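Dear colleague,

Please find below the structure that I am handing over to you. My notes on what was found in it follow directly after.

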Amino acid sequence: MSIIANATALLADIAVETDRTDAVQSFVKQETILVRLATADGTEGTGYAYTIGTGGTSVLALLRDHLLPLLAGKDARNVEGLWQELFALTRATTTGVITSLALAAVDTALWDLRCKRAGEPLWRLAGGHRQQVPVYDTEGGWLHLSPDDLVKSALAAKEAGWAGVKIKVGKPHAAEDAARLRAVREAVGPDLHVMTDANQSQSLSGALRLATALEPYDPYWLEEPMPADDISGHARLARATRIPVAVGESMYSPAQFRSYLESGAASVVQVDAARVGGITPWLKVAHLAEAFNVLVCPHFLMELHVSLVAAVANGAYVEHIPQLRAVTRTELAVRDGLAVAPDAPGIGIDWDMDAVDDRRVA
Ligand code: MG
């Protein structure tokens, strides 16, 4: 009995665990949009999407006013069909972030149901490549942290057997970013991957200057150097630097990834399951990237992405930024520097609904 009997949504504000700043913003709170779908046999699937501070009530309104009413009576097994039906319904406001987040909250709930019905964890049902995947730390690399703090965190990650850390860049002068990267590189040696992230802060000339300044210290990638809609700028940068260019966290449809990949503007793809519209389009982007021989290292959402990185052959890294500890009963397991995708049937997130309700705002 896989007919959807009930579909509800709520919005909860989850506080950040530490100050998180980058070149253009600070992460104030996670607005978490939860969708719960119950089928006629009593099975329940929970999905979610998020913002890092604003727009959550808009996503909730789209879900309640337009998307959820359509789901009652539908067969939850037809995940692709339901995604396409909801996408068609939102044609007047797609492609866009509010719509993609709303679709993602529904789609991840449908995948939760699909996995529970099959009795399989997401990492296996979505592909089943391998259960343990590399993880890199971002939590110790925020832009306001001192070079000493960056070095301390990077050394701790290395000590724990992790393969990478990320530091934010985008200080007023590229020389300062280079000095911060140099401090980390000199402390950790040549083997640790050190990612850099400019959060779309640069002009083309700024990005070229920044890449030139960072190159001597062997960054593993330069992430979002410029605004995400500047594909030709990223292509020019990619031709000019030997640092791999990483993009994807600010893209909201698979077609946007196609444009980047076919123009050679991205060497690493950071597709975010919430922002791209759910697990269904996430997998399409991952497979598209594989056809270009490009790695997938998704943005944020480690609690969900660990299973997706584990599912696909080109999944390379999970980003460590803990955000759901206050509202879940399990934590991301890391063993010998590798993140372990959860085994339980479902998408791998064991929500503590009392804790969610305590943070509910709508
Ligand atoms: Mg980023």
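Phe27 and Phe300 are both buried. Please bear in mind that the model is a predicted one. The two residues form an edge-to-face aromatic pair, with 5.6 Å from centre to centre and 80 degrees between the planes. Phe27 belongs to the loop between β1 (4–15) and β2 (29–39), and Phe300 to the loop between β10 (295–296) and α11 (302–311), so their pairing ties together parts that are 273 residues apart in sequence.

Further aromatic contacts

The structure holds eight aromatic pairs. Another edge-to-face pair is made by Tyr220 and Tyr317, at 6.0 Å centre to centre and with 85 degrees between the planes. Tyr220 is found in the loop between α7 (204–214) and β7 (222–223), whereas Tyr317 is in the loop between α11 and β11 (318–320), so this pair ties together parts that are 97 residues apart in sequence. As to accessibility, Tyr220 counts as partly exposed because its relative accessibility is 25%, while Tyr317, at 3%, counts as buried. Tyr220 and Tyr317 also belong to a cluster, linked by ring pairs, that includes Tyr136 and Trp221.

Two charged side chains sit over tryptophan rings. The charged end of Arg114 is placed over the ring of Trp111, 4.5 Å from its centre. Lys284 lies over the face of Trp83, at 5.9 Å from the ring centre.

The magnesium site

Which residues are the protein donors of the magnesium ion? They are Asp197 (OD), Glu223 (OE) and Glu249 (OE), which lie 2.0 to 2.2 Å from the ion. Along the chain, the donors follow the spacing D-x25-E-x25-E. Glu223 is in strand β7 and Glu249 in the loop between β8 (245–247) and α9 (254–262), so these two donors tie together parts that are 26 residues apart in sequence. Glu223 counts as buried because its relative accessibility is 1%; Glu249, at 6%, likewise counts as buried.

Domains and nonpolar cores

The domain assignment gives domain 1 (4–119 + 353–358) and domain 2 (124–340). Their C-alpha centres lie 24 Å apart. At the contact between them, 38 residues of domain 1 meet 39 residues of domain 2.

In soluble globular proteins, nonpolar side chains tend to be buried together. Here, the largest nonpolar core has 116 residues, and those with the most contacts inside it are Leu63 and Trp282. Helix α3 (residues 97–118) gives the most to this core, with eleven residues. The core draws at least three residues from each of domain 1 and domain 2.

With neighbours within four places in sequence left aside, Trp282 is in contact with Val271, Asp272, Ala273, Val276, Val296, Pro298, His305, Leu308, Val309 and Val312. Apart from the largest core lies another, of eight residues, among them Tyr136, Met195, Val268 and Cys297. Tyr136 is thus part of this core and of the ring cluster with Tyr220, Trp221 and Tyr317.

With kind regards

Methods. Residues numbered from 1 in each chain as written. Predicted model: local features only at pLDDT ≥ 70, side-chain atom pairs only at ≥ 80, totals over all residues. Heavy atoms only, no water. Core = buried A, V, L, I, M, F, W, Y, C linked by side-chain atoms within 4.5 Å. Buried < 20%, exposed > 50% of the residue type's maximum accessible area, 1.4 Å probe, protein only. Helix = DSSP H or I, 4+ residues; strand = E, 2+ residues; numbered from the N terminus. Domains from an automatic or database assignment. Contact = heavy atoms within 4.5 Å. Phe/Tyr/Trp six-rings, centres within 6.5 Å; stacked < 30°, edge-to-face > 60°. Lys NZ or Arg CZ within 6 Å of the ring centre and 35° of its normal. Donors = N, O, S within 2.8 Å, 3.2 Å for Na, K, Ca; no water.
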